[in-house]
Amino acid sequence: MKQLEKFIHEHGEELLRLAYTYVKNKQAAEDIVQDVLLKAFEKQASFRGESTYRTYLYRMTINRSYDYLRSWHYKNTIVSKKIQRLFGRSAEEDVLMQSENRQLAQSVLELPLKFREVIVFTYYLDYSSEEIGTLLNCSPTTVRTRLARGREKLKLVLKEDGFDGTIENRN
């Protein structure tokens, strides 16, 4: 049992942040990470080593997040969220509002997924375009194109909202 706790401690928080960037729901992200960590722990011996273990866990988390986004449960909760927004903020939005980078974080989370994921991997997790391409099964050129387009969309949104910060130009 100690091994499992160590495994969760080493990888849990990082994977939780990753899953949250996809599903935008703390409870769903926690469920996804729990599934991923249990499966990864159970199948640790069968890891082929074709990539780093961290990349392997990220890929599993991304795949599980995509599964969630395609699920009936997720599609059903979209309607609930729209109703909830009519009457007030959700708990997830309250957490974002409390962070010192809330405006930037909210703007990133509102980007389309293909732009959001490359921005998160680049700026929050400090991955190279080659590493991101491996994770997302696309070429580094595609990653750089998505990053440039995502940055442009983000700049427009932030400018409209009166954000004074700058977005680092980084490939």
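**Helical architecture and nonpolar core**

Read along the sequence, the protein follows the pattern α-α-α-α-α-α-α-α-α, and its secondary structure accordingly comes to nine helices and zero strands. The model described here is a predicted one. Of the 171 residues of the protein, 37% count as buried. Among the contacts between residues at least 6 apart in sequence, 63% join residues that are at least 24 apart.

The packing of helix H3 (residues 53-70) and helix H7 (residues 113-124) was examined in detail. The axes of these two helices come within 14 Å and cross at roughly 155°, and because angles over 145 degrees count as roughly antiparallel, H3 is roughly antiparallel to H7. The crossing in which H3 passes H7 is right-handed. On the side of H3 the contact is made by Tyr 58, Ile 62, Tyr 66 and Leu 69, and on the side of H7 by Leu 113, Glu 117 and Phe 121. When these residues are sorted by class, the contact of H3 with H7 has six nonpolar residues, one charged residue and no polar residues.

Two of the residues in this contact, Tyr 58 of H3 and Phe 121 of H7, reappear in the largest nonpolar core. This core has 40 residues, and those with the most contacts inside it are Val 23, Tyr 58, Phe 121 and Leu 136. The elements that give two or more residues to the core are helix H1 (2-23), helix H2 (26-42), H3, helix H6 (102-110), H7, helix H8 (129-136) and helix H9 (140-160). The largest share, eight residues, comes from H1. In soluble globular proteins, nonpolar side chains tend to be buried together.

The surroundings of Phe 121 were then considered, not counting residues up to four places away in sequence. Under that restriction, Phe 121 touches Tyr 58 and Ile 62, both of which belong to the H3 side of the contact between H3 and H7. Phe 121 also touches Leu 18, Tyr 22, Asp 126, Tyr 127, Ile 132, Leu 135 and Leu 136, and of these Leu 136 is listed with Phe 121 itself among the residues with the most contacts inside the core.

Helix H3 also holds Thr 55. This residue has a relative accessible area of 15% and is therefore buried, since the term applies to values under 20%. Leaving aside its neighbours within four places in sequence, Thr 55 is in contact with Thr 134 and Leu 135. Leu 135 is likewise one of the residues that Phe 121 touches.

Note on methods. Residues are numbered from 1 along each chain as its sequence is written. This is a predicted model: local features need pLDDT of at least 70, side-chain atom pairs count only at pLDDT 80 or more; totals for chains, interfaces and linings use all residues. Side-chain values use heavy atoms; hydrogens and water are left out. Axes are lines fitted to C-alpha atoms, for helices over the stretch in contact, and angles run from 0 to 180 degrees between N-to-C directions. Helices (H or I, at least four residues) and strands (E, at least two) are DSSP runs, numbered from the N terminus. Angles under 35 degrees count as roughly parallel, over 145 as roughly antiparallel, 65 to 115 as roughly perpendicular and the rest as oblique. A crossing is left-handed if the near helix is turned anticlockwise from the far one by less than a right angle, and right-handed if clockwise. Contact means heavy atoms within 4.5 Å. Ala, Val, Leu, Ile, Met, Phe, Trp, Tyr, Cys and Pro count as nonpolar, Asp, Glu, Lys and Arg as charged, and the others, Gly among them, as polar. A nonpolar core is a set of buried Ala, Val, Leu, Ile, Met, Phe, Trp, Tyr and Cys residues joined through side-chain atoms within 4.5 Å. Buried means under 20% relative accessible area, exposed over 50%, partly exposed in between (1.4 Å probe, protein chains only).
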